[in-house]
Amino acid sequence: MKLSEIKSHLKNLKTISFELPDGSLVPNHFHVTEVGKVTKNFIDCGGTVRNEELVNFQLWNADDYDHRLHPEKLVHIIELSEKILAIPDLDIEVEYQGSTIGKFGLEFNGTNFVLTTKQTDCLAKDNCGIPEAKPKLTMASLQSGNSCDPNSGCC
């Protein structure tokens, strides 16, 4: 999800809820403690220099049960961050504290903002000798005209 998308969704909401990948909700007394632009400059295992930029939101469970972050306040925080930090319309990554700090993608299901799992990956598979994944087929997807008939003697 990009910054423009979250702002658009927030403008139509009365409350904000974040849903974890397991379906549970982040406690509603959370705070967004940071909105920032993260730049990652790195070299992948194949020697290619790469540059990634994204917006980072940090969610924190506060012990402050009397205050709730309202949609208009989060829009204000985002717009202030865009202005002060010169943040373009980038993809959002969310940090949330579980047993350690987790990094999540972000989607919206019509009601809640959903924290989605992220995976590591090799960005230079061709240089590392990692073969491309072969497409998985089910037997039901094979057409009978192209398959071998057990009684034909070809098997």
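1. A small helix makes a handy starting point. D126 sits in helix α3, which covers residues 125–128. Please keep in mind from here on that this is a predicted model. D126 counts as exposed, because its relative accessibility is 67% and exposed means over 50%. In sequence, D126 and G46 are 80 residues apart, yet their C-alpha atoms are 8.3 Å apart in space.

2. Now for the overall layout. The protein chain has three helices and six strands. Read from the N terminus, the elements follow the order α-β-β-β-α-β-β-β-α. Of its 155 residues, 32% count as buried.

3. How are the six strands arranged in the sheet? They make an open sheet with mixed pairing, in the order β1-β6-β5-β4-β3-β2. The edges belong to β1 (18–19) and β2; each has a single partner strand, so one side of each has no neighbour in the sheet. As a general reminder, strands of a sheet pair through backbone hydrogen bonds, in either the parallel or the antiparallel sense.

4. Next, the edge strand β2 and its partner. β2 and β3 run antiparallel and are joined by 13 bridges. You can follow the pairing residue by residue: N41 has N51 in β3 as its bridge partner, and F30 stands opposite N61 in β3. The two strands form a hairpin with five residues between them. In that turn, G47 has a positive phi of about 90°.

5. On its way onward, the chain changes the style of pairing. β3 and β4 pair in the parallel sense, over five bridges. Within this part of the sheet, Q58 stands opposite E95 in β4. To get from β3 to β4 the chain passes through helix α2, residues 71–85, and this β-α-β crossover is right-handed.

6. The largest pocket deserves a look on your screen. Its volume is about 650 Å³. Which residues come closest to its centre? Of the 21 that line this pocket, those are K40, E52, L54, E93 and K118. Four strands each give two or more residues to the lining: β2 (30–43), β3 (49–61), β4 (92–97) and β5 (101–108). By character, the lining residues divide into 10 charged, seven nonpolar and four polar.

7. Last, a point about cysteines. How many disulfides does the structure hold? The count is zero. C122 is in no disulfide, and the nearest cysteine sulfur, that of C45, is 3.5 Å away. The pair is not counted because a disulfide needs the two sulfur atoms within 2.5 Å. In general terms, a disulfide is a covalent bond between the sulfur atoms of two cysteines. C45 itself counts as exposed, because its relative accessible area is 55% and the cut-off for exposed is over 50%.

Technical notes
Residues are numbered from 1 along each chain as its sequence is written. This is a predicted model: local features need pLDDT of at least 70, side-chain atom pairs count only at pLDDT 80 or more; totals for chains, interfaces and linings use all residues. Side-chain values use heavy atoms; hydrogens and water are left out. Buried means under 20% relative accessible area, exposed over 50%, partly exposed in between (1.4 Å probe, protein chains only). On a 1 Å grid over the protein atoms alone, a cavity is a set of points where a 1.4 Å probe fits but cannot get out, and a pocket is an open set with protein on both sides within 12 Å along at least five of seven lines; lining residues have an atom within 4 Å of a point. Grid points are joined across faces, edges and corners, and a volume is the space filled by probe spheres set on the points. Ala, Val, Leu, Ile, Met, Phe, Trp, Tyr, Cys and Pro count as nonpolar, Asp, Glu, Lys and Arg as charged, and the others, Gly among them, as polar. Two strands pair if DSSP finds at least two bridges between them. A crossover is right-handed if, with the strands pointing away from the viewer, the path from the first strand over the helix to the second runs clockwise.
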